[in-house]
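Student: Got a minute to go through this model with me? I'd like to take it piece by piece.
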Amino acid sequence: FPDASIQLSGPNVDDAVFAYTPDDGRHYPLLDEDWAVDEGEYNLEVQQSDYPGASARQRMPKAPSILEVTVEEDGALSEDGTRLDEIVIEIQDEPGAHYYALQAEVEERYLDGNNDTIVGSYSIWLDTNDPILTYAEVNRRGALVCSDGAFDGTTYRFATFTWESLPFGESSNSLLKVRVTSLSRDAFLYYRSLAQYREADGNPFAEPVTVHSNIENGYGIFGLGHTTVFKGEL
């Protein structure tokens, strides 16, 4: 609804303004970079004249700790035995319940005919044989998600691979960017249940799936995520 009044309150966001985009019917917050505060409490309130007020509350997870990212050309095997480029992501998990999303992209820089530097990037779809990781779409991009139930409070190495060929040695200006996001529990449950809902859609043998919601007096999700980005040359 274009006339909806949205208020986000919490550390560094009390003056946040939401801009409505008619192309997709969404309201986007205009926030400063690095606005997130570890374990800060954030509240969302929505008012619209035709409906009762809706609200939700979330606590910002701590930014995840990436210890190391290693990449090996043809270092992984898919289930059918295909050799693929491997990306291993090692993190330090803290005690307690935590939830993660893994994403990656390649950033390329090159000079055009005018000697200007052009920067471009493309997302990489990560795959895995690790049973604790499942597929989801996070912020409209493919991701692998999991909880830390299998490695609570320890280090863990996510072994992933990509079906796309990474540009090893093609350009010294190619960077691999790995994004590890600590998700709030509600965000994790939403992304996972949405993926399960889509997988079950149209399957007469699948159990019905309810997509997770946490909005008081409404439907939808208010979730938070705190991202750490690792950059390394290929």
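Student: Which strands have the lowest and the highest mean pLDDT?
Tutor: Among the elements of the protein chain, strand S9 (residues 117-124) has the lowest mean, 88, and S13 has the highest, 98. Here pLDDT is the predictor's confidence in each residue, from 0 to 100, and strands (E, at least two residues) and helices (H or I, at least four) are DSSP runs numbered from the N terminus.
Student: And what's the mean for the protein chain?
Tutor: The chain averages 92, and 99% of its residues reach 70 or more. This is a predicted model, where local features need pLDDT of at least 70 and side-chain atom pairs count only at 80 or more, while totals for chains, interfaces and linings use all residues. Residues are numbered from 1 along each chain as its sequence is written, and side-chain values use heavy atoms, with hydrogens and water left out.
Student: OK, back to S13. What sheet is it in, and in what order do the strands go?
Tutor: An open one of 4 strands, antiparallel, in the order S6-S7-S13-S10. Strands pair if DSSP finds at least two bridges between them. S6 (65-77) and S10 (126-128) are the edge strands, each pairing on one side only. From one strand to the next, the twist averages 35°, taken between N-to-C directions on a 0 to 180 degree scale, with axes as lines fitted to C-alpha atoms.
Student: How many bridges join S10 to S13?
Tutor: 3, with S13 covering residues 155-162. Thr128 stands opposite Thr160 of S13.
Student: What about Thr162, buried or exposed?
Tutor: Thr162, also found in S13, counts as buried because its relative accessibility is 1%; the cut-offs are under 20% for buried, over 50% for exposed and partly exposed in between, using a 1.4 Å probe and protein chains only.
Student: What does Thr162 contact?
Tutor: Leaving aside neighbours within four places in sequence, Thr162 is in contact with Leu84, Asp85, Ile124 and Trp125, where contact means heavy atoms within 4.5 Å. A polar atom of the Thr162 side chain also lies 3.5 Å from the backbone oxygen of Trp125.
Student: Switching topic: which residues have the most contacts inside the largest nonpolar core?
Tutor: Ile87, Ile89, Leu102, Phe158, Leu176, Val178 and Val180, in a core of 22 residues. Such a core is a set of buried Ala, Val, Leu, Ile, Met, Phe, Trp, Tyr and Cys residues joined through side-chain atoms within 4.5 Å.
Student: Which strand gives the most to that core?
Tutor: S8, with 4 residues.
Student: And what does Ile89 touch?
Tutor: Setting aside neighbours within four places in sequence, its contacts include Leu102, Phe158, Val178 and Val180.
Student: Val180 makes me curious about S14. How many of its residues are buried?
Tutor: 9 of 10; the strand spans residues 174-183. S14 pairs antiparallel with S8 (residues 99-111) over 10 bridges, and Leu175 is the bridge partner of Glu107 there. Another 9 bridges join S14 to S15 (residues 225-233), also antiparallel, with Thr228 as the bridge partner of Val180.
Student: Last one: where does Val209 sit?
Tutor: In the loop between helix H1 (185-200) and S15. Val209 is partly exposed because its relative accessible area is 25%. Beyond neighbours within four places in sequence, Val209 is in contact with Ser193, Gln196, Tyr197 and Ala200. The C-alpha atoms of Val209 and Gln196 are separated by 6.7 Å, though the two are 13 residues apart along the chain.

Methods: A polar contact is a pair of N or O atoms within 3.5 Å; within protein, one must be able to donate a hydrogen and the other to accept it, and residues adjacent in sequence count only if both atoms are side-chain atoms.
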